[in-house]
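Opening the notebook on this one. I want to go through the packing first, then the charged pairs, the rings and a few loop residues.

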Amino acid sequence: MERRLLQSIVEVARHAFGAAASSIFLIDPETGDLVFEAVAGEGDGQLVGTRFPAGTGIAGWVASSGQSMLVDDLRESRHFSGDAAASTGYVPDSIMAAPLFGDDECVGVLEVLDRGAGGAREMADVELLGLLADQAAIGLELLTRLRAADPSNRSDKALRLLEMAESLLSPTHG
């Protein structure tokens, strides 16, 4: 179920930005590695489960800093890891990435690679990607809590979690 949720998020992100690819890395809590959990576009079907050491590339920087990043020319970025990108079989020209937070801790990164033309909305694009990352993180949190709940109480817990998510996503929140 988590993978389906994450796959849905990367497909929406890829479509929203007209991008060549979108992906979600989650941080392995045991090792700190970045693990591809969902991929849409270039590399889908082959990268899920692939790991990179903590701190690798743009995703590693976003995960450690907790800040979003937009780089339109990766040749100019000191954070980009060309070797890591080459190992995936696709080397992008640009990346936009946002952290996924759970309980005030970065648990992963949502990336969009080579977004389509119309990049004049740079700040709006980064903000939109951040909103998608927030939705992914909320969905993951809900699924994790639901999975940990006693099966006999799942329907009540599921309803409360759904109410909590609706509250967090309502226009009056925040």
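**Entry 1: the biggest core.** I'm working from a predicted model here. I started with the largest nonpolar core, which has 22 residues. Which members touch the most others? They are Phe17, Ile24, Leu100, Leu110, Val112 and Leu129. I then looked up which elements supply two or more residues to this core, and got α1 (2–17), β1 (21–27), β2 (34–41), β5 (95–102), β6 (105–113) and α4 (122–148). The largest share comes from α4, with seven residues. As a reminder to myself, nonpolar side chains tend to be buried together in soluble globular proteins.

**Entry 2: Val112 and the other core.** I picked Val112 for a contact list, leaving out residues up to four places away in sequence. Val112 touches Ala13, Phe17, Ala19, Ala21, Ser22, Ser94, Ile95, Met96 and Leu129. Apart from the largest core there is another one, of 21 residues, and I noted Phe36, Phe52, Ile58 and Ala97 among them.

**Entry 3: salt bridges.** How many salt bridges does the structure hold? I get five. I went through some of them one by one.

Asp33 pairs with Arg51, with the closest N and O atoms 3.2 Å apart. Asp33 sits in the loop between β1 and β2 and Arg51 in strand β3 (residues 51–52), so this pair ties together parts that are 18 residues apart in sequence. Is Asp33 buried or exposed? Its relative accessible area is 18%, and the cut-off for buried is under 20%, so Asp33 is buried. Arg51 has a relative accessible area of 42% and is partly exposed. I also found that Asp28, Asp33 and Arg51 are linked in a network of salt bridges.

Next I checked Asp73 and Arg75, whose side chains meet in a salt bridge at 3.0 Å, N to O. Asp73 is partly exposed at 25% relative accessible area, while Arg75 counts as exposed at 74% relative accessibility.

Then I looked at Asp125 and Arg115, where the N to O distance of the salt bridge is 2.3 Å. Asp125 is in helix α4 and Arg115 is in the loop between β6 and α4, so the pair ties together parts that are ten residues apart in sequence. I have both Asp125 and Arg115 down as buried.

**Entry 4: rings.** Searching the whole structure for aromatic pairs gave me three. I wrote out the one between Phe36 and Phe52: edge-to-face, 6.0 Å centre to centre, with 65° between the planes. What does that pair tie together? Phe36 lies in strand β2 and Phe52 in strand β3, so the two rings join parts that are 16 residues apart in sequence. Both Phe36 and Phe52 are buried. Both were also on my list for the core of 21 residues. Phe25, Phe36 and Phe52 form one aromatic cluster.

**Entry 5: Ser77.** Where is Ser77? I placed it in the loop between β4 (69–71) and α3 (82–88). Ser77 counts as buried because its relative accessibility is 16%, and buried means under 20%. I then asked what its side chain has around it. A polar atom of the Ser77 side chain lies 3.1 Å from the backbone nitrogen of His79. For the backbone nitrogen of Phe80, the distance to a polar atom of that side chain is 3.4 Å. Not counting residues up to four places away in sequence, Ser77 touches Ile58 and Val71. Ile58 is one of the residues in the core of 21.

**Entry 6: Thr56.** I found Thr56 in the loop between β3 and α2 (57–65). Thr56 has 18% relative accessibility and counts as buried. I listed its contacts with residues up to four places away in sequence left out, and Thr56 touches Leu34, Ser81 and Ala84.

**Entry 7: positive phi.** Last lookup was the backbone. Most residues other than glycine have a negative phi. Asp103, not a glycine, has a positive phi near 50°. Asp104 also has a positive phi, of about 60°, and is not a glycine. Asp103 is in the loop between β5 and β6, and I placed Asp104 in the loop between β5 and β6 as well. Buried or exposed? Asp103 counts as exposed at 62% relative accessibility, and Asp104 counts as exposed at 79%.

Terms used: Residues are numbered from 1 along each chain as its sequence is written. This is a predicted model: local features need pLDDT of at least 70, side-chain atom pairs count only at pLDDT 80 or more; totals for chains, interfaces and linings use all residues. Side-chain values use heavy atoms; hydrogens and water are left out. A nonpolar core is a set of buried Ala, Val, Leu, Ile, Met, Phe, Trp, Tyr and Cys residues joined through side-chain atoms within 4.5 Å. Buried means under 20% relative accessible area, exposed over 50%, partly exposed in between (1.4 Å probe, protein chains only). Helices (H or I, at least four residues) and strands (E, at least two) are DSSP runs, numbered from the N terminus. Contact means heavy atoms within 4.5 Å. A polar contact is a pair of N or O atoms within 3.5 Å; within protein, one must be able to donate a hydrogen and the other to accept it, and residues adjacent in sequence count only if both atoms are side-chain atoms. A salt bridge is a side-chain nitrogen of Lys or Arg within 4 Å of a carboxyl oxygen of Asp or Glu. Rings of Phe, Tyr and Trp (its six-membered ring) pair if their centres lie within 6.5 Å; planes under 30 degrees apart count as stacked, over 60 as edge-to-face and the rest as tilted.
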